[in-house]
Amino acid sequence: MSTVLILFCVLSAITLSTAFLTIFSKNPIHSAIYLVICFFSIAGHYLLLNAQFLAIVHIIVYSGAIMILFLFTIMLMNLNEQREVYRPRITRLGAIVSFCLICLVLITIFINSKPIVGEYTSTGEDYQSIKVLGKILLNEYMVPFEFASILLLVAMIGTVLLSKKEKLEK
Amino acid sequence: MNNILNQIGIENYIFLSVILFCIGVFGVLYRRNAIIVFMSIEIMLNAVNLLFVAFSTYHQDAQGQVFVFFSMAVAAAEVAVGLAILVSIFRNLGSITIDNLKNLKG
């Protein structure tokens, strides 16, 4: 086994186990912390695939912005383990069964489609540095890029409007 | 580092993404806390992003990574609006257990 494969296995184990712990831990704050570790390991996968810029952006956006938002919301609502209500046992059993079935079906599909996946060839061409990504983003994807900025602006206005306290009617 | 997929194989990335996506679906079905449901949705989005980057490396094409940027922007907007909705639900109902939201039930 090469070192890259060992690294991939370790990162995958961290990703999957922390994703499970996110769902199973009773305290929402612990879930958020486990999710941060999961996002960091996914950034490690991006680094392994040699997409450095994407890894940095992933850490900034997910581990930085989104998880801080989650933590602030959890603290604002003052959630803790005592107030946690669980689904009835039959629903949880159904969730586990459907998880196993979805996994089985999707993995079987991808195992059977394996011959279609060909060999990997490397042309040595630069395709994922910041320079190339910036050129593609601002030439071919100019209009979606601007629409993304409009989307973020609208989301910001909507968030402020939604979370503003309503005035009591006199 | 150039022939990373020769050593790992695209199948391993496909299986990892599939299992991660299934964990997300499982979280949505298993928990009643709306915040954990949101986190599960984030896990699903990340599984798809990981597969996009893997196939972008496989095809030596930067467009997959550009799509991941847009999906990250949409995820950020979605989380901001969703958490604002959750906060206002919490103000009105006092809890965010999703089974309590049945005002529309006849």
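This text walks through a predicted model with chains A and B, beginning with chain B and ending at two loop residues.

Chain B is helical. Its secondary structure comes to four helices and zero strands. Read from the N terminus, the order of elements is α-α-α-α. The C-alpha trace spans about 55 × 25 × 25 Å along its principal axes. The radius of gyration tells a related story. Chain B has 18 Å, whereas a compact globule of 106 residues would have a value near 13 Å. Of the 106 residues in chain B, 48% are buried. Sequence-distant pairs also matter to the contact count. Among contacts in chain B with a separation of 6 or more, 48% join residues 24 or more positions apart.

Next comes chain A. Its domain assignment gives three segments: domain 1 covers 1-83, domain 2 covers 86-124 and domain 3 covers 127-170. Between domain 1 and domain 3 of chain A, the C-alpha centres are 23 Å apart. An unreviewed UniProt entry adds an annotation for this chain. It lists residues 6-24, 31-49, 55-78, 90-111 and 141-162 of chain A under "transmembrane region". Two of these spans can be checked against the model. Residues 31-49 of chain A are 95% helix and 0% strand, and their end C-alpha atoms lie 27 Å apart. Residues 90-111 of chain A are 100% helix and 0% strand, with 31 Å between the end C-alpha atoms.

Now put the chains together. How many residues of each chain are in contact with the other? On chain B there are 65, and they meet 70 residues of chain A. Helix 1 (4-8), helix 2 (10-30), helix 3 (34-59) and helix 4 (63-93) of chain B each supply at least two residues of the side that touches chain A. Helix 4 of chain B gives the most, with 21 residues. By residue class, this side of chain B holds 45 nonpolar, 15 polar and five charged residues.

The largest nonpolar core draws on both chains. It has 61 residues, and those with the most contacts inside it are A:Tyr46, B:Leu20, B:Ile23, B:Ile35 and B:Val53. From chain A, helix 1 (3-24), helix 2 (28-48) and helix 3 (52-77) each supply at least two residues of this core; so do helix 1, helix 2, helix 3 and helix 4 of chain B. The largest share comes from helix 3 of chain B, with twelve residues.

B:Val53 gives a local view of that core. Which residues does B:Val53 touch, leaving aside those up to four places away in sequence? On chain A the partners are A:Tyr46, A:Leu49, A:Ala51 and A:Leu54. On chain B they are B:Gly64, B:Gln65 and B:Val68.

Two loop residues deserve a look at their backbone angles. A:Asn50 lies in the loop between helix 2 and helix 3 of chain A. Its phi is positive, about 70°, although A:Asn50 is not a glycine. Is A:Asn50 buried or partly exposed? It has 16 other C-beta atoms within 10 Å, so A:Asn50 is partly exposed.

B:Gln60 sits in the loop between helix 3 and helix 4 of chain B. Here too phi is positive in a residue other than glycine, with a value near 55°. B:Gln60 counts as partly exposed because it has 15 C-beta neighbours inside 10 Å.

Definitions and conventions. Residues numbered from 1 in each chain as written. Chains lettered and ligands numbered in written order. Predicted model: local features only at pLDDT ≥ 70, side-chain atom pairs only at ≥ 80, totals over all residues. Contact = placed C-beta atoms within 7 Å. Nonpolar A, V, L, I, M, F, W, Y, C, P; charged D, E, K, R; others polar. Domains from an automatic or database assignment. Core = buried A, V, L, I, M, F, W, Y, C linked by C-beta atoms within 7 Å. Buried ≥ 20, exposed ≤ 12 C-beta atoms within 10 Å, placed from the backbone. UniProt positions renumbered as here; feature names shortened; annotations may be inferred. Rg over C-alpha atoms; globule rule 2.2 N^0.38 Å.
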